[in-house]
Amino acid sequence: MSLRQRVLGAVRERMRADPPSLRLAFWDGERFDFVPAPAVTIAIHDAAVLRRLALGDMSSLGNAYVRGDLTVEGAVRDVLHVGLKIADGVGHSRLVQRLAPLAARIPGRHSRRRDAENVAIHYDVSNEFYALWLEGEMIYSCAYFGDGTETIDVAQKRKLDHICRKLRLRPGDRLLDIGCGWGGLLRWAAMHYGVTGVGVTLSREQHDYACARIAAEGLADRIEVRLQDYRDVEDPEGFDRIVSVGMYEHVGIRNLGTYFSGMARLLRPGGIALNHGITAGDPNGHATGPAGGDFIDRYVFPGGEIPHLSRVVYEVSKAGLEVTDVEDLRPHYARTLSRWVERLEANAEAAQAAAGMQRYRIWRMYMAGMGYAFDRGWLRLAQVVAYKPESDVAMAARPWTREALYGGDAEATESAPDWS
C-alpha cells in the first residue's frame, strides 16, 4: 500500500461515521474511494497541486481548478456537499464556508478607473454567455418566486413588478436606474408603467446591448442608458424615483455614504428610492477576510464588498432618507442561483464556446457556492425602500399598508393629521 493510500485511509477512518461520496483520482492513475460508487470525482492532474496544499497554500485549489490542473465530475451541489463534509472532517469548516461571501478583507480603493476595470472583468465577458442562462429580459439579480416552482423567466418578471410596485411608479414618473445592467428593469418600467428615465452602467457590453434593445422596442424617446459612473450623474431636473439592483456590492463599504447621498441629492422631495443588494449574514462579516474570498476577488468580483443590513439602513438614514420598508429575499436568491446553474450546465458547450472553458468553470462553481451560502444564511439579500422628506418638517406620504404591493389600493396614502 502506498503512502498516499495509507494517509487517505487514515482520513477515511476519521470520517467513517459520515464519509464523503468522493473519489480522488491522481495523475499517475491511482484512485481512492471514500465510499462505494462515489457521486463526485476530483481528479488531480499535476503533482504540484498536492505540494502547494501540503505547504498550506489553500488558494492554490481555486487556481488549479480554473487552470484545469484539478477537475471535478459530478453534480455541482454534490461537489459542494463533499467539500463541506471534508472541511468539517478536518476541522476547517470555516474555510469552505468562506468560499462564497464577497465580504471585504480590507476595504479597497474604489476610484472611477478601478471600478470601471472591475466591472469590465465581471460583465464584459460576452452577452451571448449571459443570455444562455439568464431569462429573456437579461436580469442578473435575485428573482422573486411565488411558491418556488416557477421558471426563472416567470420569477424575474414577478421581481420586476414587485420592485415597480414598491416604487409606486405612475405614468410620467422620471426614473433613474443606477447600475442598470442590460436595461431590463428600465424597459419594463417604461413599457408597463409609463415612466421615462435614465439608466447608468460601467459595462460597455451592457450599455451597447441595452441601447440596441431600447431602440428595437421603440423606447428611445422615453428612456436612455448612459455609460457613466454613479458618482458622475448630474441632472438638474432630478428624479421622482431611483432604483439600484445588485449594484452597490461594487461600490465599496467606505463609499456607501457617497452612494446613498448621491441618491438623496438626485431624488426629488417626496420621491422614493429602492436599493436591492446582498448583505452579510454575520454582523461582523465585513470586518474579517474570507479565505475563499481570494478566489472571488481574483476571478469573479474584483473589489466586491458587502456590508451587514444594519450598515445599509444606517447609511440610507444618514443620507437624509426615511427608511419605510425592508424585505429579506434570501430564499429567493438561493433558488435563483440554482435555476441559473441548471441552465448554465444544460448549455455547457455553448457557454464554453462563448466565454471559454475557464469562465465556464468559474461561473459554475461560483454560482453554486453562492447559492449554498444563501441556503445556509451566510449571505442574505435585502430590498430597502426609503422616501425623501417633502421638507425639513414634513415627511413623505406613503401607503398605510403593504396591500398596494399585492394588487390592493396603491393610491391610499398617509396624510397629515388634522390638529384643529
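In which helix is Ala354 found? The tour answers this at its last stop.

**Before selecting**

This is a predicted model, in which local features need pLDDT of at least 70 and side-chain atom pairs count only at pLDDT 80 or more, whereas totals for chains, interfaces and linings use all residues. Residues are numbered from 1 along each chain as its sequence is written, and side-chain values use heavy atoms, with hydrogens and water left out.

**Stop 1: the sheet of 4 strands**

Select strands 1 to 4, which form an open sheet in the order 2-1-3-4 with mixed pairing. Helices (H or I, at least four residues) and strands (E, at least two) are DSSP runs, numbered from the N terminus; two strands pair if DSSP finds at least two bridges between them. Strand 2 (31-33) and strand 4 (70-73) each have a single partner strand, so one side of each is left without a neighbour in the sheet. From one strand to the next, the twist averages 15°; axes are lines fitted to C-alpha atoms, for helices over the stretch in contact, and angles run from 0 to 180 degrees between N-to-C directions.

Next, display strand 3 (residues 40-44) beside strand 4: the two pair in the antiparallel sense over 4 bridges. Ile42 stands opposite Val72 in strand 4. Then add helix 1 (residues 3-14), which packs on the sheet and touches strand 1 (22-26) and strand 2. The direction of helix 1 makes about 15° with that of strand 2. Contact here means heavy atoms within 4.5 Å.

**Stop 2: the sheet of 7 strands**

Move to the open sheet whose 7 strands follow the order 7-6-5-8-9-11-10, again with mixed pairing. Its edges are strand 7 (223-227) and strand 10 (322-328), each of which pairs on one side only. Neighbouring strands of this sheet are turned by 15° against each other on average, direction ignored.

Within this sheet, select residues 239-245 (strand 8) and 267-280 (strand 9), which pair in the parallel sense over 6 bridges. Arg241 stands opposite Ile272 in strand 9. Two helices can now be added. Helix 16 (residues 357-376) packs on the sheet, touching strand 9 and strand 11 (379-387), and its direction makes about 75° with that of strand 11. Helix 9 (residues 184-193) lies across strand 5 (174-178), strand 6 (196-201), strand 7 and strand 8, and runs at about 165° to strand 7.

**Stop 3: His332**

Select His332 in helix 14 (residues 330-346). Is this residue buried or exposed? His332 counts as buried, at 16% relative accessibility; buried means under 20% relative accessible area, exposed over 50%, and partly exposed in between (1.4 Å probe, protein chains only). Its side chain reaches the backbone nitrogen of Phe145 at 3.0 Å. Beyond its neighbours within four places in sequence, His332 is in contact with Cys142, Ala143, Tyr144 and Phe145. Of these, Cys142 is buried, with a relative accessible area of 0%.

**Stop 4: the cysteines**

The structure holds 0 disulfides, a disulfide being a pair of cysteine sulfur atoms within 2.5 Å. Select Cys211, whose sulfur is 8.4 Å from the closest cysteine sulfur, in Cys180, and therefore too far for a bond. Cys211 counts as partly exposed, at 29% relative accessibility.

**Stop 5: Ala354**

Finally, select helix 15 (residues 348-355), where Ala354 is found. Ala354 is partly exposed, with 29% relative accessibility. Its C-alpha atom is separated by 8.6 Å from that of Val125, 229 residues apart along the chain. Apart from neighbours within four places in sequence, Ala354 is in contact with Ser126, Glu128 and Phe129.

Conventions. Polar contact = N/O pair within 3.5 Å; in protein donor to acceptor, adjacent residues only side chain to side chain.
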